[in-house]
Protein chains: 2
Amino acid sequence: MATLKVPSSVPSPAEDCEQLKKAFAGWGTNEKLIIQILAHRNAAQRKLITETYAATYGEDLLKDLDSELSNDFQRVVLLWTLDPAERDAYLVNEATKRLTANNWVIMEVACTRSAFDLFRARQAYHARYKKSLEEDVAYHTTGDFRKLLVPLVSAFRYEGDEVNMMLAKSEAKLLHEKISEKAYNDEELIRILTTRSKAQLNATLNQYNNHFGNAINKDLKADTNDEYLTLLRATIKCLTCPDKYFEKTLRLAINKMGTDEWALTRVVVTRAEVDMQRIKEEYHKRNSVPLDRAIAVDTSGDYEKMLLALIGHGDA
Amino acid sequence: MATLKVPSSVPSPAEDCEQLKKAFAGWGTNEKLIIQILAHRNAAQRKLITETYAATYGEDLLKDLDSELSNDFQRVVLLWTLDPAERDAYLVNEATKRLTANNWVIMEVACTRSAFDLFRARQAYHARYKKSLEEDVAYHTTGDFRKLLVPLVSAFRYEGDEVNMMLAKSEAKLLHEKISEKAYNDEELIRILTTRSKAQLNATLNQYNNHFGNAINKDLKADTNDEYLTLLRATIKCLTCPDKYFEKTLRLAINKMGTDEWALTRVVVTRAEVDMQRIKEEYHKRNSVPLDRAIAVDTSGDYEKMLLALIGHGDA
């Protein structure tokens with residue numbers, strides 16, 4: 001469930017644009033007004049606002065936001081305003097660049113979006129970067145990371161509920177064999193994780209747990225310093241219980257010395273319209289403190305206000 | 001250019017359905033009438049006919065065709081009548097089954113369809129088989145074949161004309177190194193072939209030819225008995241000059257002792273609405289005999305008539 005709050009009566013895109021233009025005008029910027037508008041419009045409404053803004057003023061709203069705002073507040077507003085598919089394309093592209101390389105972001109986008117949303121991100125990538133998403137991921141990764149990430153981003157998983165129990169049993173056995181041999185980059189193991197539907201994978205991992213006594217991620221904990229193994233565990237978590245994955249990502253971002261604002265922003269922005277309600281519940285349960293309070297302690301100013309608005313704090 | 005001939009004035013789908021129903025009625029089937037209608041309707045028209053047939057008679061046109069027709073004529077009519085995306089899904093599914101396994105068909109579908117048409121086939125695969133296309137390809141292939149085929153069918157290649165010449169040079173060098181080392185299954189070589197746009201790949205292979213004296217496929221000819229190497233060469237051919245690839249496929253199908261009707265049918269049916277005109281020209285040039293004459297010599301009856309109609313012989 002989403003945490004985004006949209007007012008019961010939404011102003012027209014033209015009115016919103018006029019207000020945004022006012023927020024940019026004169027000395028200083030009216031950040032409060034920007035939050036009041038953008039943090040309370042859904043993806044379709046933001047798209048209309050961006051289009052109307054371009055048609056009315058002949059200017060790019062994203063560019064204006066970029067020049068008016070700064071730092072973490074700038075990043076959260078820009079990422080939020082982007083169309084979700086373009087945002088995913090942007091995040092993956094950034095994650096393949098040398099200075100901002102991040103295999104986790106690539107995995108996260110590949111594993112937590114619906115099959116069609118991932119495809120829409122690949123289409124947006126064509127349009128924006130004149131290349132394919134998998135082409136950049138393949139080019140900028142190596143070794144085991146490439147072996148895992150390229151099929152993950154190229155997948156178009158089946159999304160039905162049908163489960164083949166025979167297959168679940170045989171593939172659970174196969175996974176257990178490979179993990180016992182510490183063959184974590186085995187091609188059969190990667191095939192199963194990168195091509196099976198989430199429902200089928202869930203059945204396979206339940207079989208694994210039933211027959212071999214441990215959850216698969218416990219057996220994969222052998223070597224906690226191995227970066228690939230850590231990513232593999234996160235992949236399984238993203239595919240089977242994304243809310244727990246995002247809770248942990250938020251927890252680590254917030255507890256970190258100096259807060260990981262990029263992770264915090266990314267999770268809030270990409271989940272506010274999807275499943276942030278459940279992530280908030282997971283967070284509260286796991287940390288004994290509500291997410292909004294934890295965010296309020298760790299952040300400040302307009303950045304804080306924007307994050308809190310997106311996770312449903314206060315009224316629209 | 002297509003060879004399909006559609007009459008200047010097309011009867012309504014309802015009229016076509018009525019005629020088809022008549023062709024099925026009574027003793028014997030009127031094959032001539034079936035050809036006259038279906039072989040002269042484009043994909044959109046055939047789709048409407050199928051929908052109208054279901055709505056009018058509560059029956060499935062494909063099932064009726066299946067029970068009324070037989071042998072090679074049955075197969076060509078059924079494959080032709082299917083929506084192109086469903087047909088591709090069907091061909092790939094068949095090619096992953098034990099008795100009809102065929103890595104070439106999988107490669108051909110992956111490499112000669114547009115990026116979006118390949119995606120549409122993946123969508124049709126979900127709908128029809130309740131699984132993903134890449135899932136079945138990954139499950140039913142092994143070793144080098146899997147390493148090549150899974151990324152080929154999962155690709156969503158960029159289709160713009162932009163070419164990065166620096167990259168073309170460096171990747172041509174990389175390909176030449178790997179081929180010199182006979183590392184035909186090298187992951188960099190596979191990455192380049194499976195992710196780069198066709199325009200970029202073409203530039204890379206031109207650089208290869210310019211700098212190393214041979215066309216890449218000549219250097220790949222070292223070991224002609226190697227099935228994987230043969231498939232790799234065909235992959236490159238499909239990606240860079242599909243009309244030549246299809247000409248050769250037709251040539252081998254026709255020249256074979258006993259004709260390979262499956263290949264002949266597949267190429268005619270899948271290319272008649274795309275580029276069969278160019279394939280015919282290639283065929284004539286390479287074999288000094290027009291394709292329609294070669295087909296007429298090797299096939300007979302309604303099967304022959306259907307093939308000839310699809311490659312543009314006679315009037316609509």
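UniProt positions are given here in the numbering of this structure, and such annotations may be inferred rather than shown by experiment. Keep that in mind for the views below, which all come from a predicted model.

**View 1. The residues that UniProt marks as "binding site".** The record behind this label is an unreviewed entry, and its annotation covers Phe24(A), Gly26(A), Gly28(A), Glu68(A), Ile254(A), Lys256(A), Gly258(A), Ala296(A), Thr299(A) and Glu304(A). Don't expect one neat cluster: the set runs over 281 residues of sequence and is also spread in space, with up to 38.1 Å between C-alpha atoms. One of the set, Lys256(A), belongs to the lining of the second largest pocket.

**View 2. Phe24(A) and its surroundings.** Here we zoom in on a residue from the annotated set, Phe24(A). Phe24(A) is part of helix α1, which spans residues 13–24 of chain A. Its relative accessible area is 8%, so Phe24(A) counts as buried, the limit being under 20%. Leaving aside residues up to four places away in sequence, Phe24(A) touches Thr29(A), Ile34(A), Tyr53(A), Leu61(A), Asp64(A), Leu65(A) and Glu68(A). Glu68(A), among these contacts, is also covered by the "binding site" annotation.

**View 3. Gly26(A) in its loop.** Is Gly26(A), another residue under the annotation, buried or exposed? Gly26(A) is exposed, because its relative accessibility is 66% and the cut-off is over 50%. You'll find Gly26(A) in the loop between α1 and α2 of chain A, where α2 covers residues 31–38.

**View 4. How chain B sits against chain A.** Turn chain B by 180°, with 0.0 Å of shift along the axis, and it superposes on chain A with an RMSD of 0.0 Å. That's the relation of a two-fold axis. Looking along chain B for the C-alpha nearest this axis, you end up at Ser154(B), 2.7 Å away from it.

**View 5. The contact between the two copies.** Chain B brings 28 residues to the contact and chain A brings 28 residues. Of the interface residues of chain B, 100% are also interface residues in chain A, so the copies meet through the same surface. Together the chains bury about 2700 Å², with carbon and sulfur atoms giving 58% of that area. On the chain B side, Glu135(B), Phe156(B) and Tyr158(B) lose the most area to chain A, together 23% of what that side buries.

**View 6. A salt bridge across the interface.** How many salt bridges are there between chain B and chain A? The count is 6. This close-up shows the side chains of Glu135(B) and Arg196(A), which meet in a salt bridge at 2.8 Å, N to O. Glu135(B) is also one of the residues in chain B that lose the most area to chain A.

Definitions and conventions
Residues numbered from 1 in each chain as written. Chains lettered and ligands numbered in written order. Predicted model: local features only at pLDDT ≥ 70, side-chain atom pairs only at ≥ 80, totals over all residues. Heavy atoms only, no water. 1 Å grid on protein atoms, 1.4 Å probe; cavity = no way out; pocket = protein on both sides within 12 Å on 5 of 7 lines; lining within 4 Å. Helix = DSSP H or I, 4+ residues; strand = E, 2+ residues; numbered from the N terminus. Buried < 20%, exposed > 50% of the residue type's maximum accessible area, 1.4 Å probe, protein only. Contact = heavy atoms within 4.5 Å. Least-squares fit on C-alpha atoms with pLDDT ≥ 70 in both. Buried area = accessible area lost by both parts, 1.4 Å probe. Salt bridge = Lys/Arg side-chain N within 4 Å of Asp/Glu carboxyl O.
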